[in-house]
Amino acid sequence: MKHYTDIFLDFDDTLYDTHGNAVIALAETYEDFQLGRYFDDPQVFYDDYWKTNIDLWGRYAKGEITRDYLIVERFRHPLCVSEGLRMKSETSASAFKDYCLKMSDVFLDYCASKPGVIEGAHELMDYLRNKGYKLHMTSNGFHEVQYKKLAACGLKDYFNTVILSEDAGVNKPSPQFFEYAMKQSGAKKETTIMIGDNFQTDILGAKHFGLDTIFFNHWPDYPATEPVTYEVTTLKDIINIL
């Protein structure tokens, strides 16, 4: 097996249970803002939120939209499924934008306080650290939120370097992001491997940059579309590779 010294690790939904924690945070936000006044069924709001969020993050990764647009739109769109809230948004766009921003702040605070990780995350990080690998977090997540999540879940001290797209000035899968990551970490392409769950941003981005990859494939709706170095369905499987 090839000898690796450095490991780039995606954070959200690879180590940190972003989706599971966000489900809880979204329900808390729904209650805080008393959205039951506008929705007969909260699932209508939740379903549109997740559909909108996935689309927006995909566009954000491609550089098609800004962070500020994402933060507002991911709440504006599902809120406007309610006719009453849609009418409010049309009556006063500025006030409704402020409402969405406030909701986003509350939601992100709830998200960042949650400790949930993907099954096997701490065990994997213990193993990798004890093996002597240099570990580098590579994420498109927002700066202030990611550090709070790292502290909440107890994973911060495992990383030699935390590399965020906001610091790099570009998002994964851009080759400029990975070039920045190499400089920040001091790693070399030939001895670095990338681990991630998002095939487009983590795996293809790293592969096209020239890195080996481990695709953590736990999203059956998003299979690999190109050959990868390794593919696993649990974090425990990575221990058998590295």
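This is a short talk on the fold, the cysteines and the unusual backbone spots of one protein model.

Keep in mind that the model is predicted. Let's start with the whole chain. The protein has eleven helices and six strands. How does its radius of gyration fit a compact globule? For 242 residues, a compact globule would come out near 18 Å. The protein has 19 Å, so the two agree. Along the principal axes, the C-alpha atoms fill a box of roughly 60 × 30 × 30 Å.

Now the inside. Of the 242 residues, 48% are buried. Next, contacts with a separation of 6 or more. Residues 24 or more positions apart account for 67% of those.

And the outside. The exposed area is about 11,700 Å². Carbon and sulfur atoms supply 51% of that area. On charges, we have 25 positive and 37 negative. The mean positions of the two sets are 5 Å apart.

On to the cysteines. How many disulfides does the structure hold? Zero. Remember, a disulfide is a covalent bond between the sulfur atoms of two cysteines. Here the cut-off is a sulfur pair within 2.5 Å. Take cysteine 100. The nearest cysteine sulfur belongs to cysteine 80, 7.0 Å away, and cysteine 100 is in no disulfide. Is cysteine 100 buried or exposed? Buried, with a relative accessible area of 0%. Then cysteine 153. This one is in no disulfide either; the nearest cysteine sulfur is that of cysteine 111, 13 Å away. Cysteine 153 also counts as buried, at 6% relative accessibility.

Last topic: the backbone. A general reminder. Most residues other than glycine have a negative phi, and most peptide bonds are trans. Three places to look at on the model.

Go to aspartate 13. Its phi is positive, about 65 degrees, although the residue is not a glycine. Where does aspartate 13 sit? In the loop between strand E1 (6-9) and helix H1 (18-32). At 13% relative accessibility, aspartate 13 counts as buried.

Follow H1 to its far side. Glutamine 34 lies in the loop between H1 and helix H2 (42-61). Phi of glutamine 34 is positive too, near 50 degrees.

Now jump to proline 173. The peptide bond from lysine 172 to proline 173 is cis, with omega near 15 degrees. Proline 173 is in the loop between helix H8 (165-168) and helix H9 (175-185).

To recap: zero disulfides, a positive phi at aspartate 13 and at glutamine 34, and a cis bond into proline 173. Thanks, everyone.

Methods
Residues numbered from 1 in each chain as written. Predicted model: local features only at pLDDT ≥ 70, side-chain atom pairs only at ≥ 80, totals over all residues. Heavy atoms only, no water. Buried < 20%, exposed > 50% of the residue type's maximum accessible area, 1.4 Å probe, protein only. Helix = DSSP H or I, 4+ residues; strand = E, 2+ residues; numbered from the N terminus. Rg over C-alpha atoms; globule rule 2.2 N^0.38 Å. Contact = heavy atoms within 4.5 Å. Areas by Shrake-Rupley, 256 points an atom, 1.4 Å probe, with all protein chains shown as cover. Lys, Arg positive; Asp, Glu negative; His and termini not counted. Charge placed at Lys NZ, Arg CZ, Asp CG, Glu CD.
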